[in-house]
Amino acid sequence: NLQVISSLLRLESGRSKDQVTKDVLLDMKGRIMSMALLHETIYRSGILAEVDMAAYLRNVGNQAIRSNEGIRGGVKLNMEFADVRLDIDQAIPCGLIVNELTSNCFKHAFTDRPQGELSIALRVVPESGDLHLCVADDGVGVPADLFEQSRNSLGLQLVQDLVRQLEGKLEIVPGDGAHFEITFKAKLHRSAAS
């Protein structure tokens with residue numbers, strides 16, 4: 001059902017003459033695809049209580065590349081995921097955060113060149129056992145007043161809300177490119193091998 005809705009949004013964006021409307025519809029399509037990929041990951045694993053985050057986030061990252069090939073075809077995707085399982089209440093916000101931040105990367109990071117690198121990682125912090133989700137690129141970077149600008153950006157507002165839902169902390173690391181780090185405590189955190 002989510003894939004049908006996604007297809008309808010894609011078709012409607014193709015019919016629209018207004019670029020702003022097209023962009024909004026394609027952003028909504030990406031969010032819905034992120035949730036559809038979660039359901040697909042759960043269905044394939046046969047385990048309804050927990051989500052293999054490596055498989056899920058790999059699907060979200062690959063979907064982002066496929067969806068944006070026409071915009072930025074020269075972006076190389078690097079992914080590194082700990083072997084972690086989370087409950088669905090934390091898996092959904094993680095997937096949506098990755099979707100939003102990768103979408104922003106394709107829209108804004110490489111406006112000065114046709115290629116670049118995008119990295120997505122989920123690691124376990126050894127000392128605390130917390131999870132560390134990172135989305136970074138080597139693009140033009142983020143403006144100093146990003147949080148001020150986020151009042152006008154549904155995507156950045158959504159990321160902040162999703163981080164709050166995870167009861168996590170969002171940090172934007174200064175330096176070259178955009179580097180977003182989210183640290184949160186896992187409700188269900190175990191390696192897929194255990």
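Glu167 sits in the loop that links α6 to β6; helices (H or I, at least four residues) and strands (E, at least two) are DSSP runs, numbered from the N terminus. Its phi is near 55°, a positive value in a residue other than glycine. Most residues other than glycine have a negative phi. Glu167 is also exposed, at 69% relative accessible area; exposed means over 50%, buried under 20% and partly exposed in between, with a 1.4 Å probe and protein chains only.

All this comes from a predicted model, in which local features need pLDDT of at least 70 and side-chain atom pairs count only at pLDDT 80 or more, while totals for chains, interfaces and linings use all residues. Residues are numbered from 1 along each chain as its sequence is written, and side-chain values use heavy atoms, with hydrogens and water left out. As for pLDDT, the predictor's confidence in each residue from 0 to 100, its mean over the protein chain is 80, and 77% of the residues reach 70 or more. Confidence peaks in β5, at a mean of 96, and bottoms out in strand β8 (residues 190-191), at 56.

The protein chain holds six helices and eight strands. Read from the N terminus, they come in the order α-α-β-α-β-β-α-β-β-α-α-β-β-β. Of the 194 residues in the chain, 44% are buried.

Now for the sheet. Five strands make up an open sheet, ordered β2-β4-β5-β7-β6, with mixed pairing; two strands pair if DSSP finds at least two bridges between them. At the edges are β2 (74-81) and β6 (169-172), each of which pairs on one side only. From one strand to the next, the twist averages 10°; angles run from 0 to 180 degrees between N-to-C directions, and axes are lines fitted to C-alpha atoms, for helices over the stretch in contact. Helix α3 (residues 53-67) packs on this sheet and touches β2, β4 and β5, with its direction at about 175° to that of β2; contact means heavy atoms within 4.5 Å. Helix α4 (residues 88-109) packs on the sheet too, touching β2, β4, β5 and β7 (179-184), and its direction makes about 15° with that of β5.

Within the sheet, β4 (residues 115-124) and β5 (residues 131-137) run antiparallel and are joined by seven bridges. One residue of β5, Leu133, is the bridge partner of Leu122. Antiparallel pairing also links β6 to β7, through four bridges, and Leu170 has Ile182 in β7 as its bridge partner. These two strands, β6 and β7, form a hairpin with six residues between them, and Gly175 in the turn has a positive phi of about 135°.

Leu133 and Ile182 turn up again inside the protein. Along with Met53, Leu57 and Ile97, they have the most contacts inside the largest nonpolar core, which has 38 residues; such a core is a set of buried Ala, Val, Leu, Ile, Met, Phe, Trp, Tyr and Cys residues joined through side-chain atoms within 4.5 Å. At least two residues each come from α3, β2, β3 (84-86), α4, β4, β5, α6 (154-165) and β7, and α4 gives the largest share, nine residues. Leaving aside residues up to four places away in sequence, Ile97 touches Leu133, Val159, Leu162, Val163, Leu166 and Ile182.

Two cysteines count as buried: Cys105, at 2% relative accessibility, and Cys134, at 7%. A search of the whole structure turns up zero disulfides, a disulfide being a pair of cysteine sulfur atoms within 2.5 Å.
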